[in-house]
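Biologist: Please put the model up, and then I will ask about it part by part.

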Amino acid sequence: MNTLDRKLGFLSSLPLTVVLLASFLAPMVVVALFSIMPAKVFSLANMPDFSAYSVFFSQGYYKSLLWSLGMALASTAILLLVCWPLAYGMAKVFGRFTLVLTIAVVMSLFVSENIRLFGWVLTLMKGGLIEGHFRAFTGVGFESPLYGVGIIVFGLVYVYLPFMLFPLAQGIAMVPDDTRQAAYDLGATRWQVLWQIEVPLAAPGIVVGSLLSFVLAAGALAESKILGGQAVIAIADDIETAFTFGQNWPLGSALSMILIVIIGGLALFGVSKVDLDAIMGRKR
Amino acid sequence: MSGQALLRLEGIVKKFGDFTALDGIDLDINEGEFFTIVGPSGSGKSTLIRLLVGMDDVTSGEIRLNGARIDQTPANLRPTCMVFQSLALFPHMSVGQNIEFPLKLRKEDPAARRTRALELLDLLRLPRDYYDKRISQCSGGERQRVALARALAFDPEILFFDEPLSALDYRLRKTLEKELKDLHARTGKTFVYITHSLEEAMVMSDRIAIMKDGRFEQIAVADEIYGQPVSRFVAEFMGEVNLFALDTGTDGTLSSDILSIREGARLSAVTPGASGLLMVRPEYVRFAETGESYDFTLSGKLHGEYALGSRIQYELETPAGMVTVEKLREDRLSAREGDDIAIGFNADVTHFIGDTP
């Protein structure tokens, strides 16, 4: 009886399992297989070699990867600092205004990322909204902040803000007010309450928000292209070029595999480090 | 009074907008006392304790601890601490880390901290191997003890309690009430306890303050509050009670529309000419056998009989409304619902609550 139930469960989940495997796993497998093909082939029916991976080092693609990871790290760190007070306000202080803020932030997601970034270009470029007005009124111009690493990081922070803000607010909402007050009552300073009570108890939100924004920023492409004017090349840019102009699928696949392994490893590490259950006070 | 009160409140007022939550509270709490503040929800007792701990500011008035003003001192600098209703244990720390938290903030060295934490586990009768347990592995009663240990590790001048037992089941609550009283005796600390439960207050406290609408109605030892309440509110709040309107003449004679009064019956300690309420607790009311005579008598119909464990409660329908009588189980009455029953009681078991002009 029991075994029949189990079999029925398996059988009824089978169609969906097949769809999921086909749509998620199959493309990954194809990419993984292409990554070990010789350069510039369009078929998997070739003798595998690992030439694409050696190109990663010999032709300097690792620099793009390091730039992408570095900028993702910087933007994640900045997002944590910027979003903490905002998320704290949303979770504990703002009350009804939280809804307004939530809607405002979500609304920004309705506009395509590229269009929003071009908006920033028009705002920040020489002769644009800010510098143009400033020059018209004062007669003195200044250089545009566009086309540098700094503005790319700014773009990443701007675009991925919601992905940090909402998980963080959720995390902070999980910190009971009483524990904060109790720590304060027992003699803790504001900083001690923050580091010893709020940060550890909000850790699931911090981890989820950081992972989301880091993973998205590491694979981001538009910010470096539109705001950065390709001052530095992002790894995602290299991957796109390899698949399109370069007509080199094995190279594009190899670069993708490297990014996937690094980000996937990081995500698994992050999630395993934070014992979500223990923090929530649940027994294993 | 020998020396100064440990904690002195003078004219404490707390307003939230137009609403006055605390309306001029004066109170002295003595060193080593177990003082309980009882009141229904909304009476202002939680507001008061938040002011005392420092989680809210007074609108006006002074709080003095050992003579020094503390009402402007933030909570983390006050030498007092509180056991929360929710206990507010830190779920990401072990039992030991929770207890050591205040010591760690004072940068005491780890070995000394550990020693103190283990002593406190002993004091609270928790096994020492609980030191490494997670909070989530502890039962309700054990958490209660951990919260107490953490507060005691802080070594406060006064330990405040905000209804910490209210979430527990009846039996555990009874056990912990006694343990808390015992702990108070062993530590010699000053405990200030807030509750809405009369029973809790009666079991544990040296003195009880009854709170209503942001003021104290009465502050006294438990027996006095129970036996000689100053107002109808206190009388009714402190358990079952029977109240009868009563007038006294200028010569001390008593008259009532409801009760039959024996010729010559007098109430001592009542100003002649006063009118008010005559109070008698249900356990002092007697079923009047024929031939017995009481200062006050009344008859009615038996309305219901309720078993309260060791005691039986009877409700009688009388011209004065429902009258409650309690008997020990062994003195159970053999009567049926609807039977006519006469009750009586003497002046010495009553208390007169004069009308406040």
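**Helix α2 of chain B and its surroundings**

Modeller: To begin with one helix of this predicted model, the buried residues of α2(B) are Val95(B), Gly96(B), Asn98(B), Ile99(B), Glu100(B), Phe101(B), Pro102(B), Leu103(B) and Leu105(B).

Biologist: How many of the residues of α2(B) are buried, and is the helix enclosed or open?

Modeller: Buried here means under 20% relative accessible area. Because most of its positions pass that test, α2(B) is largely enclosed by the rest of the structure. The count of buried residues is 9 of the 11.

Biologist: What covers the buried residues of α2(B)?

Modeller: The cover comes from both chains. Chain B supplies α3 (110-123) and α4, among others. From chain A, the cover includes α8 and α9.

Biologist: Which residue follows α2(B), and what is its phi?

Modeller: The residue that follows α2(B) is Lys107(B). Its phi is positive, near 60°.

Biologist: Turning to the interface, how many residues does the contact take from chain B and from chain A, and what area is buried?

Modeller: The contact takes 27 residues from chain B and 19 residues from chain A. Carbon and sulfur atoms give 64% of the area buried between the two chains. That area is about 2,000 Å².

Biologist: In chain B, which residues lose the most area to chain A?

Modeller: Three residues of chain B together account for 29% of what that side buries. They are Asn76(B), His92(B) and Leu105(B).

Biologist: Which element gives the most to the side of chain B that touches chain A?

Modeller: The elements that give two or more residues to this side are α1 (45-53), β6 (80-83) and α2 (95-105) of chain B. The one that gives the most does so with 4 residues. That element is α2(B).

Biologist: By class, what residues does the side of chain B that touches chain A have, and how many salt bridges are there across the interface?

Modeller: By class, this side of chain B has 16 nonpolar, 6 polar and 5 charged residues. Between the chains, 4 residue pairs are in polar contact, with both residues at pLDDT 80 or more. The number of salt bridges across the interface is 0.

Biologist: Where is His92(B), and is it buried or exposed?

Modeller: His92(B) is found in the loop between β6 and α2 of chain B. Its relative accessibility is 18%. The cut-off is under 20%, so His92(B) counts as buried.

Biologist: Which backbone oxygen lies 2.8 Å from a polar atom of the side chain of His92(B)?

Modeller: Leaving aside neighbours within four places in sequence, His92(B) is in contact with Gln97(B) and Arg134(B) in chain B, and with Gln196(A), Ile197(A), Pro200(A) and Leu201(A) in chain A. The backbone oxygen at 2.8 Å is that of Gln196(A).

Biologist: On the other side, what covers the buried residues of α8 of chain A?

Modeller: The buried residues of this helix, which spans residues 177-185, are Thr179(A), Arg180(A), Ala182(A), Ala183(A), Tyr184(A) and Asp185(A). Just after α8(A), Gly187(A) takes a positive phi of about 110°. The cover of the buried residues includes α3 (61-93) and α9 (190-201) of chain A, together with α1, β6, α2 and α4 (140-153) of chain B.

Biologist: Why is there no bond between the sulfur of Cys81(B) and the closest cysteine sulfur?

Modeller: A disulfide needs two cysteine sulfur atoms within 2.5 Å. The closest cysteine sulfur, in Cys138(B), is too far for a bond because it is 19 Å from that of Cys81(B). Over all chains, the number of disulfides is 0.

Biologist: Which side chain makes a polar contact with the side chain of Ser231(B)?

Modeller: Ser231(B) is found in the loop between α7 (222-227) and α8 (232-237) of chain B, and it is buried, with a relative accessible area of 15%. Not counting residues up to four places away in sequence, Ser231(B) touches Glu217(B) and Ile353(B). The polar contact, at 2.7 Å, is with the side chain of Glu217(B).

Biologist: Which backbone nitrogen does the side chain of Asp339(B) reach?

Modeller: Asp339(B) lies in the loop between β18 (321-328) and β19 (340-345) of chain B, where it counts as partly exposed at 31% relative accessibility. Beyond four places in sequence, Asp339(B) touches Gly300(B), Lys301(B) and Leu302(B). Its side chain reaches, at 2.8 Å, the backbone nitrogen of Arg336(B).

Note on methods. Residues are numbered from 1 along each chain as its sequence is written. Chains are lettered from A and ligands numbered from 1 in the order in which they are written. This is a predicted model: local features need pLDDT of at least 70, side-chain atom pairs count only at pLDDT 80 or more; totals for chains, interfaces and linings use all residues. Side-chain values use heavy atoms; hydrogens and water are left out. Contact means heavy atoms within 4.5 Å. Buried area is the accessible area (1.4 Å probe) that two parts lose on being put together, summed over both. A salt bridge is a side-chain nitrogen of Lys or Arg within 4 Å of a carboxyl oxygen of Asp or Glu. A polar contact is a pair of N or O atoms within 3.5 Å; within protein, one must be able to donate a hydrogen and the other to accept it, and residues adjacent in sequence count only if both atoms are side-chain atoms. Ala, Val, Leu, Ile, Met, Phe, Trp, Tyr, Cys and Pro count as nonpolar, Asp, Glu, Lys and Arg as charged, and the others, Gly among them, as polar. Buried means under 20% relative accessible area, exposed over 50%, partly exposed in between (1.4 Å probe, protein chains only).
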